[in-house]
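Dear colleague,

Please find below the structure that I am handing over to you, together with its sequence. My notes on what was found in it follow directly after.

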Amino acid sequence: MTARLVLGIESSCDETAAAVVDASGLVLSDVIASQHAVHGPFGGIVPELASRAHVENLVPVLEGALSAVPGGLGAIDAIAVTAGPGLNGALLVGLSAAKAMAWARGLPLVAVDHLDAHLHAIFLQRGPVREAVPEFPFVALLASGGHTALYRVDGPGRRALLGQTRDDAAGEAFDKTAKLLGLGYPGGPRIDALAATGDASRVPLPRPMAQKGSLELSFSGLKTAVARWVEEHGVPEGAALADVAAAVQAAIVESLVKKSIAACEQENVPRLVLAGGVAANRGLRARAAELAARRRIALFVPPPRSCTDNAAMIAWCGFAQLAEGRLAGPELAPYSRSADVVRGKIRRPRPPRSAP
Ligand code: KG4
Ligand code: ZN
């Protein structure tokens, strides 16, 4: 079926979000209630608190997203909701609301994979200027709080895993080292801000998995190195804190960018897309731009609001599935992990369908 407007709902982790997107990818409304204040004191996400906060936030978030669109819910043609991967209790809140609204209004329901949504967020248009979008296939780095992986994306919802982290996700590395430095949760944006004034060369840290020939990543060694540094020198302050933040960011960014470029070369695909919350990092964006230009790879980076969790990317993924008639029913259940992301094991990707 074709749809004009899709309502997206996202509740997989610590953001309750709803958005309305049109068939061209234009974001008509995009409302997010962040739970950072809820989880901050714990230094990480507490699943039970996340579920409860979703219950409290979802109705006002939905009202906000729908009231910004002429006709409100009456103008919506379909509902797309994150089914996984994520926290089960958190996902259930969004799924239940989506099912109830779809049933009450007789609207089609679509189950969206959160990772696919990040990989396609580059197609969202926020504002009157049409940004350039990549052709398929493209290579995508998805770096978020729960996942860090490289994919070849052959078409809407068609991804092949090329490599992934063996241990921590890049966002987790930012968050865990920020915690060691006393910066609170989430650490990524705080390290990003501090790194701008720091000098990375003053604090030597390991560059994880920098060896050639592998698209695997690893960040747990970096966290250990920062823990040792703090043990030896104490928690830094002022300029020293900025230097450590810059060194942490440089180490994470260098391995992400090098592996992303290597993935483009391995696949012979000169198009790279950055996705996920860590793609909001200014150091990553700048270094990726520099190396991609040097290797003649076209780089596509969504605006920060499309990188971090949002429901507009969920709504956008709904369109492709609606067009293919892939609808969900009342039996739709959440899932906590994606089938292709099994730690330590990578499924062999299929060859690209069209030449780059
Ligand atoms: O994609 P996302 O919003 O949620 C997940 O699906 O996980 O990613 C959240 C992660 C957190 O680890 C957060 O610290 C990180 O993205 N992050 C950043 C920045 N903004 C968010 N990391 C580095 N620099 C940033 N500016
Ligand atoms: Zn996410």
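With a relative accessibility of 2%, His 118 counts as buried. This is a predicted model, and I begin with that residue since it belongs to the zinc site.

**The zinc site**

Three residues supply the protein donors of the zinc ion (ligand 2): His 114 and His 118, each through NE2, and Asp 309 through OD, at 2.0 to 2.1 Å from the ion. Along the chain these donors follow the spacing H-x3-H-x190-D. The pair of His 118 and Asp 309 links distant parts of the chain, being 191 residues apart: His 118 belongs to helix α4 (residues 114–120), while Asp 309 sits in the loop between α10 (304–307) and α11 (312–323). Asp 309, like His 118, falls under the 20% limit for a buried residue, because its relative accessibility is 13%. The geometry of the site is irregular, with angles of 95 to 140 degrees among the 4 donor atoms. The upper end of that range is what rules out a tetrahedral assignment, because four donors count as tetrahedral only if all angles lie between 85 and 135 degrees.

**Helix α5 and its surroundings**

The buried residues of α5 are Ala 170, Gly 171, Ala 173, Phe 174, Asp 175, Thr 177 and Ala 178. They pack against two strands, β6 (138–143) and β7 (148–155), and against the helices α6 (187–195), α7 (220–233) and α8. Two of these helix pairs deserve a fuller description.

The axes of α5 (residues 170–180) and α8 (residues 238–267) come within 11 Å and cross at roughly 170 degrees. Angles over 145 degrees count as roughly antiparallel, so α5 and α8 are placed in that class. On the α5 side the contact is made by Ala 170, Ala 173, Phe 174 and Thr 177, and on the α8 side by Val 248, Gln 249, Ile 252 and Leu 256. By residue type, this contact comprises 6 nonpolar and 2 polar residues, with no charged ones. An α-helix has 3.6 residues a turn, so residues three or four places apart point the same way.

With α6, the arrangement is as follows. The axes of α5 and α6 are 7 Å apart and the helices pack at an angle of about 75 degrees. The two are therefore roughly perpendicular to each other. Here α5 contributes Phe 174, Asp 175, Thr 177 and Ala 178, and α6 contributes Gly 187, Gly 188 and Ile 191. The residues of this contact divide into 3 nonpolar, 3 polar and 1 charged. Phe 174 and Thr 177 take part in the contact with α8 and also in the contact with α6.

After α5 comes Gly 182, which has a positive phi near 75 degrees.

**Backbone features in the loops**

Two cis peptide bonds should be noted. One joins Gly 84 and Pro 85, with omega about -10 degrees; Pro 85 lies in the loop between β4 (78–84) and α3 (88–105). Another joins Phe 136 and Pro 137, again with omega about -10 degrees, and Pro 137 is located in the loop between α4 and β6.

Positive phi values also occur in residues other than glycine. Asn 268 has a phi of about 55 degrees and is part of the loop between α8 and β9 (271–275); its relative accessibility of 54% makes it exposed. Arg 296 likewise has a positive phi, near 55 degrees, in the loop between α9 (282–294) and β10, and counts as exposed at 75% relative accessibility.

**Two further residues**

Leu 299 is found in strand β10 (residues 298–300) and is partly exposed, with a relative accessible area of 24%. Apart from neighbours within four places in sequence, Leu 299 is in contact with Leu 272, Leu 274, Arg 285, Ala 288, Ala 289 and Ala 292. Its C-alpha lies 31 Å from that of Lys 179, a residue 120 places away in sequence.

His 36, in helix α1 (residues 36–39), counts as partly exposed at 30% relative accessibility. Beyond its neighbours within four places in sequence, its contacts are Asp 14, Glu 15, Tyr 185 and Pro 186. Between His 36 and Glu 15 the C-alpha distance is 8.4 Å, with 21 residues separating them in sequence.

With kind regards

Key
Residues are numbered from 1 along each chain as its sequence is written. Chains are lettered from A and ligands numbered from 1 in the order in which they are written. This is a predicted model: local features need pLDDT of at least 70, side-chain atom pairs count only at pLDDT 80 or more; totals for chains, interfaces and linings use all residues. Side-chain values use heavy atoms; hydrogens and water are left out. Axes are lines fitted to C-alpha atoms, for helices over the stretch in contact, and angles run from 0 to 180 degrees between N-to-C directions. Helices (H or I, at least four residues) and strands (E, at least two) are DSSP runs, numbered from the N terminus. Angles under 35 degrees count as roughly parallel, over 145 as roughly antiparallel, 65 to 115 as roughly perpendicular and the rest as oblique. Contact means heavy atoms within 4.5 Å. Ala, Val, Leu, Ile, Met, Phe, Trp, Tyr, Cys and Pro count as nonpolar, Asp, Glu, Lys and Arg as charged, and the others, Gly among them, as polar. Donors are N, O and S atoms within 2.8 Å of the metal (3.2 Å for Na, K and Ca); water is not among the atoms, so sites may look incomplete. Four donors count as tetrahedral if all angles lie between 85 and 135 degrees; four count as square planar and six as octahedral if opposite donors are over 155 degrees apart and all others between 65 and 115; anything else is irregular. Buried means under 20% relative accessible area, exposed over 50%, partly exposed in between (1.4 Å probe, protein chains only).
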